[in-house]
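Here are some short exercises, each with a worked solution. Grab your viewer and work through them in order.

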Protein chains: 4
Amino acid sequence: MTVKIGIMGYGTIGKRIADAVMRMDDMELIGVIKQTPDYEGEVAISKGIKLYTYEDRVNKFEKAGIRVTGTINDLIKNVDVIIDATPDGVGAENKAKIYEPLGLRAIFQGGEEAEVADTSFNALANYDMAIGKRFIRVVSCNTTALSRLIGAFLIHGYKIRKVRAYLVRRGADPREFKKGPINDVVFNPATVPSHHGPDVQTVIPTIDIITMAVAVPTTMMHLHMVNIEFDGQVSKGEIMKILEETPRILLFNSASRKIESLAQIIEWARDLGRLRGDVMENALIEDSITVFQNELFLMQGVHQESIVVPENIDAVRAMFKLSSKWDSIRKTDLRLNLITTGKNYNLA
Amino acid sequence: MTVKIGIMGYGTIGKRIADAVMRMDDMELIGVIKQTPDYEGEVAISKGIKLYTYEDRVNKFEKAGIRVTGTINDLIKNVDVIIDATPDGVGAENKAKIYEPLGLRAIFQGGEEAEVADTSFNALANYDMAIGKRFIRVVSCNTTALSRLIGAFLIHGYKIRKVRAYLVRRGADPREFKKGPINDVVFNPATVPSHHGPDVQTVIPTIDIITMAVAVPTTMMHLHMVNIEFDGQVSKGEIMKILEETPRILLFNSASRKIESLAQIIEWARDLGRLRGDVMENALIEDSITVFQNELFLMQGVHQESIVVPENIDAVRAMFKLSSKWDSIRKTDLRLNLITTGKNYNLA
Amino acid sequence: MTVKIGIMGYGTIGKRIADAVMRMDDMELIGVIKQTPDYEGEVAISKGIKLYTYEDRVNKFEKAGIRVTGTINDLIKNVDVIIDATPDGVGAENKAKIYEPLGLRAIFQGGEEAEVADTSFNALANYDMAIGKRFIRVVSCNTTALSRLIGAFLIHGYKIRKVRAYLVRRGADPREFKKGPINDVVFNPATVPSHHGPDVQTVIPTIDIITMAVAVPTTMMHLHMVNIEFDGQVSKGEIMKILEETPRILLFNSASRKIESLAQIIEWARDLGRLRGDVMENALIEDSITVFQNELFLMQGVHQESIVVPENIDAVRAMFKLSSKWDSIRKTDLRLNLITTGKNYNLA
Amino acid sequence: MTVKIGIMGYGTIGKRIADAVMRMDDMELIGVIKQTPDYEGEVAISKGIKLYTYEDRVNKFEKAGIRVTGTINDLIKNVDVIIDATPDGVGAENKAKIYEPLGLRAIFQGGEEAEVADTSFNALANYDMAIGKRFIRVVSCNTTALSRLIGAFLIHGYKIRKVRAYLVRRGADPREFKKGPINDVVFNPATVPSHHGPDVQTVIPTIDIITMAVAVPTTMMHLHMVNIEFDGQVSKGEIMKILEETPRILLFNSASRKIESLAQIIEWARDLGRLRGDVMENALIEDSITVFQNELFLMQGVHQESIVVPENIDAVRAMFKLSSKWDSIRKTDLRLNLITTGKNYNLA
Ligand SMILES: NC(=O)c1ccc[n+]([C@@H]2O[C@H](COP(=O)([O-])OP(=O)(O)OC[C@H]3O[C@@H](n4cnc5c(N)ncnc54)[C@H](O)[C@@H]3O)[C@@H](O)[C@H]2O)c1
Ligand SMILES: NC(=O)c1ccc[n+]([C@@H]2O[C@H](COP(=O)([O-])OP(=O)(O)OC[C@H]3O[C@@H](n4cnc5c(N)ncnc54)[C@H](O)[C@@H]3O)[C@@H](O)[C@H]2O)c1
Ligand SMILES: NC(=O)c1ccc[n+]([C@@H]2O[C@H](COP(=O)([O-])OP(=O)(O)OC[C@H]3O[C@@H](n4cnc5c(N)ncnc54)[C@H](O)[C@@H]3O)[C@@H](O)[C@H]2O)c1
Ligand SMILES: NC(=O)c1ccc[n+]([C@@H]2O[C@H](COP(=O)([O-])OP(=O)(O)OC[C@H]3O[C@@H](n4cnc5c(N)ncnc54)[C@H](O)[C@@H]3O)[C@@H](O)[C@H]2O)c1
C-alpha cells in the first residue's frame, strides 16, 4: 500500500516533512497547502511538489506567477491523511473545521495540545501506542529529544528514578527575523516545571521528570543539560553502549573531533551535504556523559527544525500499520540518510 | 583606622571596586595602576582618581594627554593593600613578582587559582575564615552567587544533601566586542563538572555540588538554573522567608512586576539610577522558586560585572579586622545603596 | 512661568522625558499616565513621580500594590501640555480622542506621522518654527541625529549639495526581548529611500537627502555612515571645528581613546555615571571624519533610547515661548549634564 | 589536460574549493593539507578526499584514527598548482618557504596582500589579466562582490564616475564561536576608506571607489549598500536588464517573493538543496535597485563563505589557459549548479 499524503502548512516543519515523504517508497506526496505565494512555494514547485491553496487565495498565487494545482478541496479528496504543520493551535482548528467533518485522518505537531489527538507519539518510546490511530500528535522537538533519550534506557530495562532537564532554547528559527531575544536570556517560562516535563509524560506516562527552560539569542539548536537518577548505580560503559547503539542518537566527541559548540554540529551536517544542514538525531556531547554513582549527566543538542521529521514518517506507518516499529524506524533512517552504522534496529 | 588601597588592573572589575572604595569611610583609594591610556583612564581622572603606571609607559600617557600621578613604585609604598583585578593568571604573577617580595598584602579575584591566596572568600559564607589573612581571593561571579545562595540556607541550619546547578553564561562583557559566540551555544566546558562546583567547595568545603555550563551570545548576566536537594522536606514558605531576609539576594517577581528576562532586571537597575546599571545582588526569579518535597528549584540572574564588588570591600575589612562579619556586610550594603529593606543583618 | 507637564506613555522615551522634566526649573512634572502596573511604575513612585491611569485600570494597580494618584481625567485638568510618548500611531489617536476635544496642547514623538503636528522639530535645526505652536512633533532618533549634523553645517553657512546616509539600525531596545532579528540583517526597508530621508525634510525642507537602512541584532545604538557633498571644496580643519563647537555633538577618537565600537561609547557613559548610561548627543567617530574634495564621510552612533530627550525639553520651551533657541539649548544641556565644554551656544 | 590540484588549508574556503574542484572535469583534486585531526577531516575522508599533513603531525592523525595519505612533500610532487586557503598572511609565508623554492604555481585568497601574486583576480572583471600567470590572488568576498557588480556595468560600456559602498560585515563565520561582537557594532575600521575600496582597484584600477565598513553580530552574509554615480543619466530598465543577464548576480525580490532579510536568502539556498546552503552569487535585493538621475542605489548580500569559490575555479583555468573567459565562467556555473537561466555567457 502507498499512503497518499497531503501536507497542511508549509513552513519550517512542513517543508521538511514534504522532502522526507518524497524519499519514502510506501508514501506518496500528493501536495501541500500553502496560504501565501513566496520563495518557499517557488522552490517547492522546482522540486516537483504540487501546491494547493484556499479558494480565495488562488488569485494571489496567479498574480505572483506561482502555479497552483488546485484548491484545498481538490487536495483533500485525494489523500489518505493530512500531516498538519500549521502554527500552534491552528491544527486544532483545522481538525474541528476540516478533518473531523470530512472523516479525514491527521497527524499533528507538538505545538498542539495533547488532546488534539488519540495519542502523542515518539517512535522509539511508544510506536505501538499509535498503531491504527486516527489522530496522532508528534510531540515537539524538545519532547522528542527527551523521549528518545529516556526511551533508550527504558528499552534496555533500566529503572529511572527521576529526570531533571534544563533547556536552553533557541529564540527563533534561522529565517524568523521578527523574533527575539537579541541580547537577553528570557525565562521561558519563569515557573517550574516548564511544559516540557508534562509533555514527555504524554509519551512516557510513568516517568518522574521536571524541566526548566530559558530562551537565548541563537537560531541553531536547543541545548539540554540533563540529569538522570537511576534506581541503583550504573556504569558509564553500559550507558555509552546503549547510547551508541540507539538509533537517532549520535555521539559527538568535543575533545577528539573538535566539536565544541552547537554551530559546529550543524557545520558537520553542512559539510556532509545533508539537506539544509539538518541533524535529525539527538546530538549528544560524548565528553559530557558523566556518571556519579546513580546519577547520569549529559548535554545534548536538539535541532529544532528537523528532529521531528523522522517521527512524522513513522507516525504515518503506525497509523496505517505499514510496518512494525523497528522496521519503520530502520526504513526511515536509511531513506533519510541518518547515521545507521553501529545502530541496533532490533532493540527490545 | 583607614585602610589605604591601591588597585591593580582597571577593567570591568577594577573600576567598580575603585568607585566602591571611594564610598567607604574606613578606606581610602590611593590610586589605580593602568597600563594603557584610554577613555577609562580619562573618566577615572574626571572622578578624582589618581592614575599610576609602569615606568616605561609614563610616556604613552603623556602623549595621550592623560595625567599620571606616578609610577607603580610610588603607589605601592603608600598603600596597605593591593586589590588585584588583572586578567586571569596575572594576579599570581604579580604576587610572585611584586606583592610577596615587598611584603604587601593583596586581594585577588576569581580568575586566579585558589592557591594564590590563604583563603577563598565569600562574605556571607565564610567571612570569618578571612580575618587577618594576608592574601585573600574573592571567588568569581558564578561562585559568589552560588555561595551566597547555599550560604543562606546553611546559616539557617538547613542540611543540604546536594546541589546541582546549570549555568548559562554570558559570552562577554558589554564592551568586549572581540569575544563571541555570535549565534551559538558553546559547551563551556563539555565535561562535567564545570570548574564552578569545585570552586564553591573552596568556600564551602562540605557541600556536594555538581555544575554544568554553557556560554551564549549575551552580555547581560549569567543565568543559573539551580536544583537543591535538602535532607528532608522543606516548606516553600520558609524558603521564601530565608531568601527575602538574606542580604544581597533580591527577589524579582516575573508575573506581577513584569520582569520576564535578564535584560529587564538590568533595566530596573538602570531606571533606579544605579551606577552603570549594576546589580550587585543575586537576582532570584521569585516565581521560579518551587518546592517538590525535599527538592528546591529556582533561577537566578548573576550580574558578572558587579556582583563581586561588595565582597571585595568586605574582604578588606576581614583582612584588617575593621569590622565583624555582619557589621561589614551591612556597612557595605548601605554605602553601595544595595536594597537593605527587609534584610536581616543579624543572621547567625 | 512654570509649565505643568503630563506624560502619556511611560516606556523607553516617556520615562526619560519624565526624569529630564524633573531636572528643569521652568517645568513641573505633574504625573505620568501608565496602563499597566509593573517594575517601571514601582521605580517611578520611588522617585516621587505620580502615576495616573485609565479609570478601568485603577483596580489592576491596586491589586499589584502600586499606588495610583488618580485617573487620566485628574491629570489632564492640571497640566498645560501632554508629552505623548505612546507607541507609533497611538499619539494620533490620542490627539483625536483627547487632546483636540479638550483643547490640550501636546508634543508627539517621531513614531507619529508628520501630519499629527503643526511642525516637526529639532532644536538645532528649526527651533524657531515651533515657537507658540500647539502641536509639535519631535522627530525620531535617526532623524534627530541627521538633522543636528546637517543643521550644524547649515548654521555655519555651508551649502550642501546632497546627503547620502546609510543606517545600521539596532533591532530592539535592551528590554524588548520579543523583537529580533537574532542572527540576521533585515532590509529595513528593501526600498530606497527609507523614510528617514523624507523625515529629515520635514525639519529641513530644502535638503537633498537619500537614506538606506538595515536592522541588525544589537540593542545598543544605531550607526550612521554619512556622505555629505558640499557645494565646493571644504577643509577638514573647518569641518572639525564646527563639529567640536556644536552642542549635542560629541567626538570620540577611536585610535587615541580606544573607543572602537558602539558598546564602548555606552561604556563611557556608564563609567561617567550618566543615568541609564544614556548618550543624548550624536556620537561622532572622530577618526572617521574624512574629506575628499567636496565630499565629507563620517560615522556616528545614535543612542535611540535617549537622543530625543533634550529635544522634547526644548520643544516645551518653544511651545510656551519660555526661552529663545540658544538659551533653551544651553539650559537643557546644562541641566541634563550633557558635555558643554567647548560648545558654542551663541551660534547663528 | 587535467590540472592536478592540491589545497593547502582546509577551513571555510578550502573545503568548499575542494568540493568544487571535484565537480570539474578538467581538474583533479589530489589532496588537501590539514594540520589538525578533526570532524572536518573525517567528513573529507568520507567524501573520498585524501588528507596530507606535516611530517610531525602524522602522529596526531593516527592517534585520532583519521587516515592520512602522506605528508606535504608527497602531495606537492604530484600537483600542478596549490590553492592556498590558509589564514591571512600564512599564504605569503607558504609562498616564500614552499611554493617559490619548489617552483610551484599557487593561487592565493583575499586575506593576502595583493603583492603576493602577479595579479589580483575576479573572473568577470579581469579574467584575461590572469592568463598564464604563476601566482594569482582571488580577491576577498567583499571585493569579489563589488568587482562583479562594477564589472557588469563596465562590460556593457557604462561610464562610472564614482562608487561609494557601505559594508555591514558579518562578525564571524557560523562555526567560529570565539569571534564577536555579541551585542555591538564595531567600526571596522573607524577610518575612511576601509581597505575594500583600494582592494577593488587591484582588480579594476581605474575606478573611483570609497568604502566604509562596520561589523555586526551575525554569521550569515555581509550586506552592501551601494551608491554608483554614472557619467550621465541611466535608465532603471537598462540597469535591470544588465543585472538580470550577468552571470553570478541574482535578483531577489523582497516584496513579491517575501525575502526580507539575509537569512531568508540563505533559507532559499537551503531549501533548494545547495551544498551547505551556499550562495555563490551576488544576492541583489531587486526592490532596492533605485535610480535617481545618474545615481544608482542598491543593496546586495554577500555570502562570505562561498562567493569566492567559482573564482578560484576560473583562476585555475586562466592560469593553465584551459578555457577562454566566458567558457570558463559558464562551465564553472553549470558544474556548481549556479543559476544559469537567463544569464548571458557571451558578454563583451
Ligand atoms: N520550528 C520548530 O522549531 C518546531 C519544532 C518542532 C515542532 N514544531 C511544531 O510544528 C508546527 C509548525 O511549526 P513551524 O515552525 O513549521 O511553523 P512555521 O510558521 O514555520 O510554518 C507554519 C506554516 O503554516 C502556514 N499556515 C498558517 N495557517 C495556515 C492555514 N490555516 N492553512 C495552511 N497553512 C497555514 C504558515 O503560513 C506557515 O507557512 C507547530 O505545531 C510547532 O509547534 C515546530
Ligand atoms: N568580568 C567578569 O565577568 C568577572 C567577574 C568576576 C570576576 N572576574 C575576575 O576579575 C579579574 C579581572 O577581570 P576583568 O573582567 O575586570 O578583566 P578586564 O580585562 O576587564 O580588566 C583587566 C584590566 O587589567 C589590566 N591589566 C592587565 N595586565 C595588567 C598588569 N600587569 N598591570 C596592570 N594592569 C593590567 C588590563 O589592561 C585591563 O584593564 C579576573 O580574575 C576575572 O576572572 C571577572
Ligand atoms: N525607542 C526608541 O528607540 C525611540 C526613539 C525615538 C523615538 N521613539 C518614538 O517614541 C514613541 C514611544 O516609543 P517608545 O520606544 O518609548 O515605546 P515603548 O513601547 O517603550 O513605550 C510606550 C509606552 O506607552 C504605553 N502605552 C501604549 N498605549 C498607551 C495609551 N493608550 N495610554 C497610555 N500609555 C500607553 C505602553 O504601555 C508603553 O509603556 C514612539 O513614537 C517612537 O517611535 C522611540
Ligand atoms: N571566511 C571568509 O569569509 C573568507 C571569504 C573570502 C576569503 N577568505 C580568505 O580565505 C583565506 C582562508 O580563510 P578561511 O576563512 O577559510 O580560514 P579558516 O580559518 O576557516 O581556514 C584556514 C585553515 O587553514 C589551516 N591552516 C592554518 N595554517 C596552516 C598551514 N600552515 N598549513 C596548512 N593549513 C593551515 C587552519 O587550520 C584552517 O583549517 C583567508 O585568506 C581569508 O581572508 C575568507
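**Exercise 1: the C/D contact**

Chain C and chain D put 45 residues each into their contact, where contact means heavy atoms within 4.5 Å. Before going on, note that this is a predicted model: local features need pLDDT of at least 70, side-chain atom pairs count only at pLDDT 80 or more, and totals for chains, interfaces and linings use all residues. Residues are numbered from 1 along each chain as its sequence is written, chains are lettered from A and ligands numbered from 1 in the order in which they are written, and side-chain values use heavy atoms, with hydrogens and water left out.

Task: work out how much area chain C and chain D bury between them, and which three residues of chain C supply the most.

Solution.
- Step 1. Buried area is the accessible area (1.4 Å probe) that two parts lose on being put together, summed over both. For chain C and chain D that comes to about 3700 Å².
- Step 2. Split by atom type, 69% of this buried area sits on carbon and sulfur atoms.
- Step 3. Now look at chain C's side: C:Y166, C:N183 and C:F187 supply 18% of the area that chain C buries against chain D, more than any other three residues.

**Exercise 2: the site of ligand 3**

Task: describe the shell around ligand 3 and say where the ligand lies relative to the domains of chain C.

Solution.
- Step 1. Collect the residues around ligand 3 (a heavy atom within 4 Å of it). There are 20, and C:I13, C:Y54, C:D88, C:R170 and C:D173 come nearest.
- Step 2. List some polar contacts (pairs of N or O atoms within 3.5 Å). Oxygen atoms of ligand 3 lie 2.9 Å from a polar backbone atom of C:I13, 2.8 Å from a side-chain N or O atom of C:D88 and 3.0 Å from a polar side-chain atom of C:R175.
- Step 3. Check the cover: the protein hides 84% of the 820 Å² of accessible area that ligand 3 has on its own (Shrake-Rupley method, 1.4 Å probe).
- Step 4. Domain 1 (3-139 + 308-335) and domain 2 (141-302) of chain C both give residues to the shell, so ligand 3 lies between them; the bounds come from an automatic or database domain assignment.

**Exercise 3: chain B on chain A**

Task: find the operation that lays chain B on chain A.

Solution.
- Step 1. Superpose by least squares on the C-alpha atoms of residues with pLDDT of at least 70 in both copies.
- Step 2. A turn of 180° with a shift of 0.0 Å along the axis does it, at an RMSD of 0.0 Å. The two copies are thus related as by a two-fold rotation axis.

Methods: A polar contact is a pair of N or O atoms within 3.5 Å; within protein, one must be able to donate a hydrogen and the other to accept it, and residues adjacent in sequence count only if both atoms are side-chain atoms. Ala, Val, Leu, Ile, Met, Phe, Trp, Tyr, Cys and Pro count as nonpolar, Asp, Glu, Lys and Arg as charged, and the others, Gly among them, as polar.
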